[in-house]
2 protein chains.
Amino acid sequence: MTQQPALDFWFEFASTYSYPAALRIGALAAQRGIAVRWRPFLLGPVFKQNGWTTSPFNMYPAKGRYMWRDLSRICNAMELPFAEPPSFPQNTILAARVALIAFDEGWGEDFTAAVYRAQFGERKNIGEPETVAAIIRALGRDAGEVMNRAQSDANKLRLREQTEEAIRLGIFGAPSFVTSDGELFWGNDRLESALDWALRR
Amino acid sequence: MTQQPALDFWFEFASTYSYPAALRIGALAAQRGIAVRWRPFLLGPVFKQNGWTTSPFNMYPAKGRYMWRDLSRICNAMELPFAEPPSFPQNTILAARVALIAFDEGWGEDFTAAVYRAQFGERKNIGEPETVAAIIRALGRDAGEVMNRAQSDANKLRLREQTEEAIRLGIFGAPSFVTSDGELFWGNDRLESALDWALRR
């Protein structure tokens, strides 16, 4: 009896390159028979360890300008909507907490895609609770009820622990991919390599 | 009459991901009929603008550990020799100055490949003039004569100006690729995208 190959997908809603990764990992993994475990986490505590208080894309303007241009090319090639958001990075803690619940209940992938599209395709601010609520409602759920559970102490703790796990795994950015044997891959452009690794025996 | 498509390849000898890029760009560009202009430059002045005095791979240990592992996987897949060098980053100013001359004279690609292999495949220190001299000699040239010209004021100035040009182009890391219409791509993993862009009309 062989186990299904698996891959952990670590993403942060404020991470620009996590957008194309989140929108393509599902189909690519399914084609290869790989199970994806979606692991939302927060980059803030990771960056804080480096002494950063914002995204490196804001700290280094040349790098930031390049990133937005590069992301627009990638979205174009994937035919994904793209528009540079008015504020960056946005506060993603509520969206990440909701995502934990959504993945438990089987609507996590749709929720994640909708959050990324809103932020990087529709110039919305996902840091505003109303934006998150509208996404939840559009997926046919009771936004108030879901958001109450998302903001429970137990769920807050769960997100903190997941972020601590990311740091323990050596994760320093998003998107990151970790195979069952602990191999780490970083960046949307490493998704295919991570999937190939997950299939190795 | 149509002009041959062209791509500028900006590389720094201390840049780890420039190693696989330098070793594969020649064949990939030739297959597509694209002329490559090899542009050695120095990352030191670029990093200095960010307030960095060393490589970010040294400043952020998790990122550094990941980079060496990732580079070893890439070299493995390309069947390139790989061994983490005893010191990093190395002093690359002499090698970059020699490269300017070598590309003028048609042996730049061989020189560049040999410098990268020595540094990242054979644990040599390319900051030592004797390492550079041995590479020049192995390519059938008079090392003393070449190195004298490399260290001339005119050639030193040329490298400084080339580095300033990189900064003006918005380059913030290596390898970088710039098409004739000014489109910038950063990273070994963007080489194919840059080549595709160079072919657009």
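In this predicted model, B:P175 sits in the loop that runs between helix 9 and strand 3 (176-179) of chain B, where helices (H or I, at least four residues) and strands (E, at least two) are DSSP runs numbered from the N terminus. The peptide bond that joins B:A174 to B:P175 is cis, with omega about -5°. A second cis peptide bond leads from B:F88 to B:P89, with omega near -10°, and B:P89 belongs to the loop between helix 4 and helix 5 (93-105) of chain B.

A few conventions help in reading what follows. Residues are numbered from 1 along each chain as its sequence is written, and chains are lettered from A and ligands numbered from 1 in the order in which they are written. Local features need pLDDT of at least 70, side-chain atom pairs count only at pLDDT 80 or more, totals for chains, interfaces and linings use all residues, and side-chain values use heavy atoms, with hydrogens and water left out.

The backbone of chain B also holds positive phi values outside glycine. B:E79, in the loop between helix 4 and helix 5 of chain B, has a positive phi of about 55° although it is not a glycine. B:E79 is exposed, with a relative accessible area of 74%; here buried means under 20% relative accessible area, exposed over 50% and partly exposed in between (1.4 Å probe, protein chains only). Phi of B:R123, also a residue other than glycine, is positive and near 55°. B:R123 is placed in the loop between helix 6 (108-121) and helix 7 (129-138) of chain B and counts as partly exposed, at 47% relative accessibility.

Turning to the arrangement of the chains, two copies of a chain are related by a rotation about an axis and a shift along it. Chain B is superposed on chain A by a rotation of 180° with 0.0 Å of shift along the axis, at an RMSD of 0.0 Å; the superposition is by least squares on the C-alpha atoms of residues with pLDDT of at least 70 in both copies. The two copies are therefore related as by a two-fold rotation axis. In chain B, the C-alpha nearest this axis belongs to B:D189, at 3.4 Å. Because 100% of the interface residues of chain B are also interface residues in chain A, the copies meet through the same surface.

B:D189 appears again in the second largest pocket, which holds about 980 Å³ of space. On a 1 Å grid over the protein atoms alone, a pocket is an open set of points where a 1.4 Å probe fits, with protein on both sides within 12 Å along at least five of seven lines, and lining residues have an atom within 4 Å of a point. Grid points are joined across faces, edges and corners, and the volume is the space filled by probe spheres set on the points. The lining has 37 residues, of which A:D189, A:R190, B:D189, B:R190 and B:E192 are the closest to the centre of the pocket. Helix 4 (61-78) and helix 10 (191-199) of chain A, together with helix 4 (61-78) and helix 10 (191-199) of chain B, are the elements that give two or more residues to this lining. By type, the lining divides into 18 charged, 11 nonpolar and 8 polar residues, with Ala, Val, Leu, Ile, Met, Phe, Trp, Tyr, Cys and Pro counted as nonpolar, Asp, Glu, Lys and Arg as charged, and the others, Gly among them, as polar.

One helix 10 residue of chain A is A:A194, which is buried at 0% relative accessibility. Apart from residues up to four places away in sequence, A:A194 touches A:L7, A:F177, A:T179 and A:F185, contact meaning heavy atoms within 4.5 Å.

The largest nonpolar core has 132 residues, and A:F13, A:V98, A:F111, B:F13, B:V98 and B:F111 touch the most other members. Such a core is a set of buried Ala, Val, Leu, Ile, Met, Phe, Trp, Tyr and Cys residues joined through side-chain atoms within 4.5 Å. Beyond its neighbours within four places in sequence, A:F111 is in contact with residues including A:F13, A:V98, A:V132 and A:L139.

A polar side chain is also found buried: A:Q162, in helix 9 (residues 153-168) of chain A, has a relative accessible area of 11%.
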